[in-house]
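Here are a few friendly notes on the pockets, for you to read with the model open beside you.

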Amino acid sequence: MMARGKTYIVHVPATTANIGSGFDTLGMSLGLYNVVQFVPDENVKLEDTMIDAEGEGVDQITTGLDNMIIKAMDVTASKAGRTLPGGSMYLINRIPFARGLGSSSAALASGVFLANLLMGEPFNRKELLDITAEMEGHPDNAAPAILGGFCMALIENGNVVAERIDIPSQWKAVVAIPDFELHTEKARAVLPTSYVRSDVVHNIGAVSFLMAAFMYNKPEYLKFGLDDHVHVPYRLGLIPGSEEVIRSSVKAGAYGATISGSGPTIIAFSPSDKAHLVGESMVSTFKHHGITSSYIVLDFDQSGISAV
């Protein structure tokens with residue numbers, strides 16, 4: 001049962017999905033975290049929770065059941081046949097909104113996880129993933145947000161089937177984040193409704209090498225694994241300069257690069273000694289195309305969402 005006056009604190013990681021050829025099925029957890037602090041108050045309804053925030057997207061945060069965290073708390077409680085009180089919530093947002101780094105999955109996962117804590121953890125982590133993915137509509141960000149590491153996931157008969165593996169610890173993620181939003185709906189709208197057989201066959205081969213790169217610590221395979229024919233070619237046009245940004249990252253020493261999620265962030269995988277050179281090259285190339293951006297060098301998160 002929830003403790004009166006206790007502060008519940010949840011850390012949830014950013015995620016990158018698709019990872020080139022793994023469209024809608026593969027995702028990774030990144031060492032960049034949002035923090036949710038919640039103090040329950042039995043005299044406050046959940047939808048009346050007071051929310052304060054700092055960091056990314058504070059001007060876009062909604063309240064009540066329109067807030068993704070509150071909504072996820074409500075849905076999770078209802079699945080347990082329970083209701084939850086409101087209270088006061090403080091958000092520390094480090095994951096940029098609508099940039100392809102899993103901000104929506106982070107919000108949903110943190111609400112689901114927080115509700116579970118408040119109820120005394122009636123759901124296991126697999127069940128939390130099912131609830132999160134059901135709300136999100138696809139599991140490729142939800143799985144690494146909940147489980148950490150490199151995740152493969154699909155939905156079978158309404159349930160998520162997921163597996164995770166550790167990411168080579170010496171690899172770094174370099175994320176170049178443009179100063180504009182790209183919503184998933186717009187990025188999905190440019191995709192074709194069907195594909196020729198040669199593109200499908202290519203992606204089956206590519207994703208095989210992508211898995212081998214991570215499972216056997218063979219970064220040289222990333223250039224094959226990130227070579228996607230299903231979504232990346234169609235989305236690059238929504239991100240000015242992105243093709244050249246990807247090329248410049250490899251020239252600066254990255255193993256490979258691709259769109260993070262549905263964009264506009266470009267993620268490069270790099271050895272640690274080249275990571276900042278890679279980031280500087282990516283930002284410089286975006287600037288050449290009139291796009292302001294910034295880069296962050298990140299470790300990979302191996303644990304997923306957690307309580308403090």
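**Notes on the two pockets**

1. Let me begin with the largest pocket, in what is a predicted model. Its lining counts 44 residues, and those nearest the centre of the largest pocket are M68, A98, S103, S104 and S105. The elements that contribute two or more residues to this lining are β1 (8–17), β2 (26–45), α1 (68–79), β4 (85–93), α2 (103–118) and α5 (184–189).

2. Which element gives the most to the lining of the largest pocket? That is α2, with six residues. If you want a place to start looking, S103, S104 and S105 are among the residues nearest the pocket centre, and α2 spans 103–118.

3. On volume and chemistry: the largest pocket holds about 850 Å³ of space. Its lining is made up of 16 nonpolar, 20 polar and eight charged residues.

4. Now for the second largest pocket, with about 280 Å³ of space. Here 15 residues form the lining, and K223, L226, D227, I246 and A257 lie nearest the centre.

5. Where does the lining of the second largest pocket come from? At least two residues each are supplied by α7 (222–225), α9 (242–251) and β8 (256–259). The biggest share is from α9, which gives four residues.

6. How does the lining of the second largest pocket divide by class? You will find eight nonpolar, two polar and five charged residues there. When you set up your own view, K223 and D227 are among the residues nearest the centre of this pocket.

Conventions. Residues are numbered from 1 along each chain as its sequence is written. This is a predicted model: local features need pLDDT of at least 70, side-chain atom pairs count only at pLDDT 80 or more; totals for chains, interfaces and linings use all residues. Side-chain values use heavy atoms; hydrogens and water are left out. On a 1 Å grid over the protein atoms alone, a cavity is a set of points where a 1.4 Å probe fits but cannot get out, and a pocket is an open set with protein on both sides within 12 Å along at least five of seven lines; lining residues have an atom within 4 Å of a point. Grid points are joined across faces, edges and corners, and a volume is the space filled by probe spheres set on the points. Ala, Val, Leu, Ile, Met, Phe, Trp, Tyr, Cys and Pro count as nonpolar, Asp, Glu, Lys and Arg as charged, and the others, Gly among them, as polar.
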